[in-house]
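Reader: Hello! I am new to this structure and would love a friendly tour. Could you take me through it step by step?

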Amino acid sequence: MTIDDRSLNELIVESQDLQVDALKDIKATLPELAEIREERRGQAINLDEINLYNANRRSVLSKMGIGGGGLAARGLLGGGFGAMLAGLFATPAHADEALDIQILQTASSLEVLAVATYGAALTLDFIKSGNPVVIKFAQTTMMQHDEHKKAFQSQTKALGGKEQTAPNAKFKPIVDAAVPTLKAPLDVVNLAETLETVATQTYLMNTTQLEDTASLRVMASVMGVETQHAAVLRAVKALLMGGAPQLIKIPIGADAAKLPAAAGSVAFPEAFEPVTNAAGADTGAVK
Amino acid sequence: MTQETENPMTTEPSALDQLSASAFSRRKFLVGSGVVAGLAVVTAACGSDDDTDTATTDTTEAGGTDTTEAASGGGDDLAVAAFAAGLEVLAVGTYKAALDAAVGGKLGAVPDAGAEFVKTAMAHHEEHLAAWNKVLKGAGKPEVSTPDAKLKPTVDAEFAKVKDFGGAAKLAKTLEEIAAATYLSAIPSLQSKDAIKLAASIQAIDAKHVAILLYVLGEYPVPDVFAKTDKAAKP
């Protein structure tokens, strides 16, 4: 197992620098959300009511040609009544807000769990003394999940909700049961891949449930990163299972020619990311 | 290899009705002259590393502006579907050209994993194209079979410069980055939940393509803490 530590570190530092802009964009949405915080308080959730309301709301918006206050913004509805009407239909119900908060809390809980799991993995002797690329990946991925957690928590607070700081209640017992059985790198990679897949598919499902646009942007953005974590872990798993751990290195250089053909496809067995492993929106909600 | 896949549009047919009904979306997507930024990325990403860094900085600024301006922008779900289909046609065509060049011995030695990737990614994009065309057809709109007219000349010009598998992989990475960023950018603007699901499910796969291409090219495979939209293409 070889690694060009300097090159890898440079790449990671460079990528972290590139995140400054992205973080600014996400943080920039928070004041905007805070302004509507007082008028959009979370309420007790009735999923049937939420679904019915949203179905009706979308239908009305569609028939009227209104999207997100677009009519009012374009001055097509004149006077105070027009603005009020457009505002009424363009603003999600309080129940929407409550569901959005639950979704963000659950996302936070998955991130808390991911951070803890990578942290636990990094304490294992066979990881600490193993492939430096795997160590770097675990460290970097843990840091990225911590940033995701902070983003979801901030969004939760911006919508008037209580931030979730506890790990996901549904998946924590599964991780707790798995950790003592981790005896080799492949075990860790399997567990991590499972968590990343759950996160990816949960956030994918969430993109169809969120009403708050800023939260939707953050969710889709984080989903795009978790799916890459899952892809890398699948590829690493294949190399470990194929008896080629020496090819787990960055940069791979000329050894790219030695990669088995399956390395070109194993990371994405589907043309469309499914949602079969998505966690329910309420599995990490603050009780 | 591509396995049997779940196409969200086939599991939830109501998408077609919703797409037909949404004459206007939230109108937060696809405004301005962002295509210039997209073309700049294509051009720069196929150059030296230094050039790529410069272009990324430029387009990040452009992307930030687009994000703000998009709040009052135009476009609807079907316009997004048609534009996405055009991007998918472009991706399929580019991978096909790469495959033909490889088979014809024009790219030199091609790693087994590289050949497998090209075939797999091309098949994925064919399925993505079919999904968007199903949406369009269901709404009574014409299917898209031609590549995005604004991006194609630039991609063709860049492809003409490709001399080996590494060059082809760099161009593929750029196209996949543009595709993933475009879907990410489009998602908040879409009205239909099924269209959102389709776009997000494709974004996830394209981002995976990027990760593996980065690894093959010797770069860290997950460089961003948050997926970005600065490379998103605009019609």
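Author: Gladly! Helices and strands here are DSSP runs, with at least four residues (H or I) for a helix and at least two (E) for a strand, numbered from the N terminus. Please keep in mind that this is a predicted model.

Reader: With that in hand, how many helices and strands are there in chain B?

Author: Reading along the sequence of chain B, the pattern is α-α-α-α-α-α-α-α-α. Counted by type, chain B has 0 strands, and its helices number 9.

Reader: And how many helices and strands are there in chain A?

Author: From the N terminus on, the elements of chain A run α-α-α-α-α-α-α-α-α-α. The count of strands in chain A is 0, while the count of helices is 10.

Reader: What scores does the model as a whole receive?

Author: Two scores are given for the model. The pTM is 0.74, and the ipTM is 0.73.

Reader: What is the mean pLDDT of chain B, and where does the pLDDT fall below 50?

Author: Chain B has a mean pLDDT of 76, with 68% of its residues at 70 or more. One stretch of chain B is below 50, though in the model it has 166 contacts beyond near neighbours in sequence. That stretch is residues 1-75.

Reader: Over which residues of chain A is the pLDDT below 50?

Author: Chain A averages a pLDDT of 80, and 67% of the residues score at least 70. A stretch with pLDDT below 50 covers residues 36-53 of chain A, with 29 contacts beyond near neighbours in sequence. Another stretch below 50 has 48 such contacts in the model, and it covers residues 56-93 of chain A.

Reader: What share of the residues counts as buried in chain A, and what share in chain B?

Author: Chain A has 287 residues, of which 46% count as buried. For chain B, with 235 residues, the buried share is 60%.

Reader: Among contacts between residues at least 6 apart in sequence, what percentage joins residues at least 24 apart in each chain?

Author: In chain A, the contacts that join residues at least 24 apart make up 81% of that set. In chain B, the corresponding figure is 82%.

Reader: Let us look at a pair of helices. Are α9(A) and α10(A) roughly parallel or antiparallel?

Author: Helix α9 of chain A spans residues 185-207 and helix α10 of chain A spans residues 213-241; they pack at about 155°, with their axes 8 Å apart. Angles over 145 degrees count as roughly antiparallel. Therefore α9(A) and α10(A) are roughly antiparallel.

Reader: Is their crossing left-handed or right-handed, and which residue classes make up the contact?

Author: The crossing of α9(A) and α10(A) is left-handed. By class, their contact has 5 charged, 7 polar and 17 nonpolar residues.

Reader: What about α5(B) and α7(B): roughly parallel or antiparallel?

Author: Helix α5 (residues 77-103) and helix α7 (residues 152-160) of chain B have axes that come within 11 Å and cross at roughly 15°. Angles under 35 degrees count as roughly parallel. So α5(B) and α7(B) are roughly parallel.

Reader: Which residues make the contact between α5(B) and α7(B)?

Author: The crossing of these two helices is right-handed. By class, the contact residues divide into 4 nonpolar, 1 polar and 1 charged. From α5(B) they are B:L90, B:T94 and B:A97, and from α7(B) they are B:K152, B:V155 and B:F159.

Reader: Now a single residue: is A:D100 buried or exposed?

Author: A:D100 lies in helix α5 (residues 94-121) of chain A. A residue is buried if 20 or more other C-beta atoms lie within 10 Å of its own. Because A:D100 has 28 other C-beta atoms within 10 Å, A:D100 is buried.

Reader: Which residues is A:D100 in contact with, leaving aside its neighbours within four places in sequence?

Author: The C-alpha atom of A:D100 is 9.3 Å from that of A:G161, a residue 61 places along the chain from A:D100. The contacts asked for are with A:L159, A:L210, A:E211, A:D212 and A:S215.

Reader: Is B:D230 buried or exposed?

Author: B:D230 sits in the segment after α9 (193-216) of chain B. Its C-alpha atom is 8.8 Å from that of B:S185, with the two positions 45 residues apart in sequence numbering. Because 27 other C-beta atoms lie within 10 Å of B:D230, this residue is buried.

Reader: Lastly, which peptide bond is cis?

Author: A:P251 is placed in the segment after α10 of chain A. With omega near -5°, the cis peptide bond is the one from A:I250 to A:P251.

Methods. Residues numbered from 1 in each chain as written. Chains lettered and ligands numbered in written order. Predicted model: local features only at pLDDT ≥ 70, side-chain atom pairs only at ≥ 80, totals over all residues. Axes fitted to C-alpha atoms, helices over the stretch in contact; angles between N-to-C directions. Parallel < 35°, antiparallel > 145°, perpendicular 65-115°, else oblique. Left-handed = near helix turned anticlockwise from the far one by under 90°. Nonpolar A, V, L, I, M, F, W, Y, C, P; charged D, E, K, R; others polar. pLDDT = per-residue confidence, 0-100. Contact = placed C-beta atoms within 7 Å. Buried ≥ 20, exposed ≤ 12 C-beta atoms within 10 Å, placed from the backbone.
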